[in-house]
Amino acid sequence: MSVKETYVTEMKKAFEQTPFASWLEEEGVKVYEGFTVEDVRELELGPWPRIGGNAVFINLYPFMEAGNGVYVAEIPPGSKLEPERWCCHKIIFIEEGTGTTEVWQEGDSQTRVFEWGPGSTFAIPINAWHRMYNLGSQPARFLVLTKAPLVMKGFDSADFIFTCPHIFKEAYSTANEKFFTEAANRVPGKFWDTNFIVNAWATPLDEVPDAKAFGGATVGFRMANRTFGGHISAWPVGRYHQAHYHDSGRLLHPLQGEGYVMTWSKDLGPRPFESGHGDDVVVEPFKPGGLYSPPGDWYHAHFNADTQAARHLAFYGRSGFEEMGPRVDNQRNTRINYEDEDPEVRRLFKEKLDNKGVRFDMPASLYARQK
Ligand SMILES: [Fe+2]
């Protein structure tokens, strides 16, 4: 068995024993399983009585490692879903369509309504009631990230998510008019604290001098009162990231540009081809609409093999439950500098670009120390 096959087998075994897995079966909702998703806009959906619409849960093995759930749901044109209340983080990304979300706390006499369109990204306040409306003439399809699997596992209860009566007044009040407005307080190089992003396809990005991808630009954001983060990043044609590893739970959603991710267990070392483990290096193609997530502590690097810049939306998949104590910038420490990387990494990328007629655009000086 390859390292990837062993990983998937172990993950599935662990997942089957979680309350979330039993809950999914009881819900009777359609489930997709895999290491990656090619395009969430093309996944087949099925009826999900809880929301009164169609959906598919995506069991993406590496993303499940950190207790994350993902699903895609759809609202028919001019229609609405049932009201919902989840006692966990819930982040929504609009793939297609235009509409509104109505939000209120239990017992409120008024509700708040905000509009969204393609690329809108927002956090539903924990345990607040909310309802999704499609105001357009096309189906509205959206991606949802939840921490339900983590909370269900921690309390050993699926019901808790949907029956907890607590009102998180300190987290959200219907009187707050700006909660679902894109925050204007962006500072380059700092996290952008906003619970709403108008359109992740169009958000301006900041140049990063020491970007993991040579010439890359990014903006990091934090939602749900800074407990749930992510970033939008872009990098030029013919370029790729320095491989690095960190903990699990990052979900990558390509918004523009085709390419591939190369990932391998850190146990194989920084030069897996040179050390004879090339067969265990996983290469997965990506394109807009896709989803992928590097397993925890696996090196990964992203390659843009397209004729246009690559743009990714990333969710870190970590919430306030995990973080405490001094934080170590371990990503920087695990980066493989271009001059230290396995020469096969660059050779494969050049080969891929040649096949597509795209120019390799990494300056030779980046590899100056490489023999
Ligand atoms: Fe990463």
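## A walk from a buried serine to an iron site

Ser-319 is buried, with a relative accessible area of 0%; here buried means under 20% relative accessible area, exposed over 50%, and partly exposed in between, with a 1.4 Å probe and protein chains only. Before going on, note that this is a predicted model, in which local features need pLDDT of at least 70 and side-chain atom pairs count only at pLDDT 80 or more, while totals for chains, interfaces and linings use all residues. Residues are numbered from 1 along each chain as its sequence is written, and side-chain values use heavy atoms, with hydrogens and water left out.

Where does Ser-319 sit? Look in the loop between strand 22 (310–315) and helix 6 (330–334). Helices (H or I, at least four residues) and strands (E, at least two) are DSSP runs, numbered from the N terminus. Leaving aside residues up to four places away in sequence, Ser-319 touches His-89, Lys-147, Leu-150 and Thr-227, where contact means heavy atoms within 4.5 Å.

Step back now into strand 22, where six of six residues are buried. Ala-310, His-312 and Ala-314 lie on one side and Arg-311, Leu-313 and Phe-315 on the other, and both faces are covered. Which strands pair with strand 22? Strand 16 does so in the antiparallel sense over six bridges, and strand 17 is joined to strand 22 by five bridges, again antiparallel. Two strands count as paired if DSSP finds at least two bridges between them. To find the pairing on screen, look for Ala-234, whose bridge partner in strand 22 is Arg-311, and for Pro-254, which stands opposite His-312.

The loop between strand 16 and strand 17 (251–256) brings us to the metal, as it holds His-246. The protein donors of the iron ion are the NE2 atoms of His-244, His-246 and His-300, lying 2.1 to 2.2 Å from it. Donors are N, O and S atoms within 2.8 Å of the metal (3.2 Å for Na, K and Ca), and water is not among the atoms, so sites may look incomplete. Along the sequence the donor residues follow the spacing H-x1-H-x53-H. His-300 belongs to strand 21, so the pair His-246 and His-300 ties together parts that are 54 residues apart in sequence. Are these two buried or exposed? His-246 is buried at 4% relative accessible area, and His-300 is buried at 3%.

His-300 also leads us into another sheet. All seven residues of strand 21 (298–304) are buried: Trp-298, His-300, His-302 and Asn-304 are on one side, with Tyr-299, Ala-301 and Phe-303 on the other. This strand is part of an open sheet of three strands, in the order 19-18-21 with antiparallel pairing. Strand 19 (282–286) and strand 21 are the edge strands, each pairing on one side only. The twist averages 20° from one strand to the next. Seven bridges join strand 18 (259–265) to strand 21, with Trp-264 opposite Tyr-299. Five bridges join strand 18 to strand 19, where Tyr-260 has Pro-285 as its bridge partner.

Helices pack against this sheet as well. Helix 1 (3–16) touches strand 18, strand 19 and strand 21, and its direction makes about 115° with that of strand 21. Helix 7 (343–356) lies across strand 18 and strand 21, running at about 160° to strand 18. For such angles, axes are lines fitted to C-alpha atoms, for helices over the stretch in contact, and values run from 0 to 180 degrees between N-to-C directions.

Elsewhere, helix 2 (19–27) and helix 4 pack at an angle of about 115°, with their axes 8 Å apart. That makes helix 2 roughly perpendicular to helix 4, a label for angles of 65 to 115 degrees. Pro-19, Phe-20 and Trp-23 of helix 2 meet Pro-149, Met-152 and Lys-153 of helix 4. These residues divide into five nonpolar, no polar and one charged; Ala, Val, Leu, Ile, Met, Phe, Trp, Tyr, Cys and Pro count as nonpolar, Asp, Glu, Lys and Arg as charged, and the others, Gly among them, as polar.

Finally, look at two loop residues. Asp-156, in the loop between helix 4 (148–155) and helix 5 (159–163), has a positive phi near 50° though it is not a glycine. Asp-156 counts as exposed, at 63% relative accessibility. Arg-226, in the loop between strand 15 (217–223) and strand 16 (228–235), has a positive phi near 70°, and at 55% relative accessibility Arg-226 is exposed too.

Key:
Parallel < 35°, antiparallel > 145°, perpendicular 65-115°, else oblique.
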